[in-house]
Amino acid sequence: MKSNTKLDALAAEHIHRPPGRPPQNGYEYTVELGNYQADSWKHAQRLILVVVDQPDPTTGQLNLMPRWFFLVTNWEEESRDVDTLLAHYRKRGTFEDRLGEFNESVGVHLSSQGFKANEATMLLALLAFNLNTICRNELEEAVGGGWDMRRFVGSVLKVGGRMVKHSRRLVLRIAESAEPLWSMLTERLEGWQVTLPKPSVGQGFQPPPDHAHLREVLRQ
C-alpha cells in the first residue's frame, strides 16, 4: 500500500537507524501499527509497517532515507506474525509477476469449445513459458544482467531471419544484430548435461497423491 500523510505520521516514530556502523546488507524490520481504517473502508484492517533500509548496489552506502511501505491484511495477529506475513506476500507478489509475464509473453487464448483442447493449449503454453524462462536465465548468467520476459522475447526470440535449404538441411539465418546474443545463449545450452533417473527396481504400484485429478472436470 502506498503511503500518505496519515500513514507517514504513524510511521515517523519507527523510522530510525541504530547508532554504529550499519551491517553490510543494511536493515530490514517490521512494526505492528495496530488496526487502521481509511475513510472509504467499511471495516478496520491490520496495518504493518515494513522498513527496507538497504545500501546502494553501486556505492555500498545507505541512502539518505530508508524506504518503507505498508501491508494491509485481515490476518489476525494470533494466526500469522509479521515476518511470516511479509514472506507470504512476497511469494504472492513473485507469483503475480510471473503470471503477468506469462500473459504478456505467451498470451494464450482458451477459445475452444472442448475442455481437452483448452487443457492441451494451456499445457503447451506453460511448457513454452518454462522454456522461455530457462533460456532467459541462461542469457542473464551469460551477460551478467537482469532481463524481463518482454525484453528477452523481443530482443532474442522475435528477430528477423531467413530459412535456407542446403544439403537436405534447413538452415535458419538470423539477423546479424541478434547473433551475439544467440551465440552466448547457444553456448550456454550446449553445456547442459542431461541426467536420466535410474530405473527403480523392486517398486510396485505407487498410488497418486490425494490431490491428483482422478476424474475429468468439465465446465458447466
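**Group meeting: one sheet and two cores**

Let me start with the sheet: three strands form an open sheet in the order 1-2-3, and their pairing is antiparallel. Keep in mind that this is a predicted model. Which strands are at the edges? They are strand 1, residues 27-36, and strand 3, residues 67-73, and each of these pairs on one side only. From one strand to the next, the twist averages 20°.

Now the pairing of strand 1 with strand 2. Strand 2 covers residues 45-53, and the two strands run antiparallel to each other over eight bridges. If you want a place to look, find Glu28, which stands opposite Val52 in strand 2.

What packs on the sheet? Helix 1, residues 5-12, does, and it touches strand 1, strand 2 and strand 3. The direction of helix 1 makes about 110° with that of strand 3.

On to the cores. In soluble globular proteins, nonpolar side chains tend to be buried together. Here the largest nonpolar core has 12 residues, including Phe102, Phe129, Trp147, Phe152 and Leu185. Which helices each supply at least two residues of this core? Those are helix 3 at 115-143, helix 4 at 149-157 and helix 5 at 179-190. Another core, of 11 residues, lies apart from this one, and among its members are Val31, Leu33, Tyr36 and Val51.

One last residue, from the largest core: Val153. Leaving aside residues up to four places away in sequence, Val153 touches Ser105, Asn132 and Lys158.

Definitions and conventions: Residues numbered from 1 in each chain as written. Predicted model: local features only at pLDDT ≥ 70, side-chain atom pairs only at ≥ 80, totals over all residues. Heavy atoms only, no water. Core = buried A, V, L, I, M, F, W, Y, C linked by side-chain atoms within 4.5 Å. Buried < 20%, exposed > 50% of the residue type's maximum accessible area, 1.4 Å probe, protein only. Helix = DSSP H or I, 4+ residues; strand = E, 2+ residues; numbered from the N terminus. Contact = heavy atoms within 4.5 Å. Pairing = 2+ DSSP bridges. Axes fitted to C-alpha atoms, helices over the stretch in contact; angles between N-to-C directions.
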